[in-house]
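I opened my notebook for another look at a protein and its DNA. Here is what I looked up, entry by entry.

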There are 2 protein chains.
Amino acid sequence: MDIQLKRGLLDVCVLAAIKDEETYGYKIIKDMKPYIEMSESTLYTILKRLEAAQMVNIRSAEHNGRLRKYYSITETGLKRIDEFRDDWKEIMTIYRFVSREDQDNE
Amino acid sequence: MDIQLKRGLLDVCVLAAIKDEETYGYKIIKDMKPYIEMSESTLYTILKRLEAAQMVNIRSAEHNGRLRKYYSITETGLKRIDEFRDDWKEIMTIYRFVSREDQDNE
DNA sequence: CATAAATACTTCGTGATACGATGTATATCA
DNA sequence: TGATATACATCGTATCACGAAGTATTTATG
């Protein structure tokens, strides 16, 4: 998929992946793969950004002798998903504008 | 609307605005205003980009003593709109992923 | 046992691009 | 006369997705 088209989607996708359960970076990438793909460098950048915006909480915990960072969503993060649903209405309007057929032919 | 969300949409919106009739920059902005807003600097950058990609043709003509640049869409430009429709299917999948409700509550 | 692959996270540099600010120039309107 | 609309252009900046590369451990695979 076009990289520019992904830009407004990725943040909210990651939030959606975290929404239901505390999870960690590597798992997020695998969970989202059927829907949208992103590189590791992208994901960890996004997670940092979401933390700075206080949309996720981070907890470090040992797993198999290694530290793993677990992410959970915050109220602000949930609000962000709701806002996306509002944006979606605008996007649908745009989509109809772009994909409309000419009145005359067909 | 979130600036990042617009990024993949703007190019194809401009193409859609040009699709039906030869038009010019200032008019495009006004035509699209109900659907999506963009600054003039953004629009003219996009038009240049679309020209470089041979998705639009440019014709300069005098209007009221001033030069005005008229844009029309090319085959490549029409193809770009079609490709966007394919991308749209992926976007819908992503939307469903983001906006799904939890299975348990509600 | 050695080597490869998977897991897990990090840092760095780059390229694409939307925008505000600013500039230029003419026409129209109050 | 001054403001507003029309019409296009240039420049610098901030955001951000990505590939490349690095670190380190665990788990196959031969």
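Which phosphate oxygen partner does a polar side-chain atom of B:K6 have, and at what distance? I found a phosphate oxygen of DNA strand C 2.7 Å from that atom of B:K6; a polar contact here is a pair of N or O atoms within 3.5 Å.

Before going on, I noted that this is a predicted model, where local features need pLDDT of at least 70 and side-chain atom pairs count only at pLDDT 80 or more, while totals for chains, interfaces and linings use all residues. Residues are numbered from 1 along each chain as its sequence is written, chains are lettered from A and ligands numbered from 1 in the order written, and side-chain values use heavy atoms, with hydrogens and water left out.

**Strand C, phosphates.** I looked at chain A next: a side-chain N or O atom of A:Y44 is 2.8 Å from a phosphate oxygen of DNA strand C, and for A:K48 the distance is 3.0 Å.

**Strand C, surroundings.** I listed 24 residues around the strand, and A:R66, A:R68, A:K69, B:K6 and B:R49 come nearest (near means a heavy atom within 4 Å). Of the strand atoms within 4 Å of the protein, 65% belong to sugar or phosphate and the rest to bases.

**Helix pair.** I then checked α1 (residues 3-19) of chain A against α4 (residues 75-99) of chain B: their axes come within 9 Å and cross at roughly 25° (axes are lines fitted to C-alpha atoms over the stretch in contact, with angles from 0 to 180 degrees between N-to-C directions; helices are DSSP runs of H or I, at least four residues, numbered from the N terminus). That makes α1(A) roughly parallel to α4(B), a label for angles under 35 degrees.

Technical notes:
A polar contact is a pair of N or O atoms within 3.5 Å; within protein, one must be able to donate a hydrogen and the other to accept it, and residues adjacent in sequence count only if both atoms are side-chain atoms. Helices (H or I, at least four residues) and strands (E, at least two) are DSSP runs, numbered from the N terminus. Angles under 35 degrees count as roughly parallel, over 145 as roughly antiparallel, 65 to 115 as roughly perpendicular and the rest as oblique.
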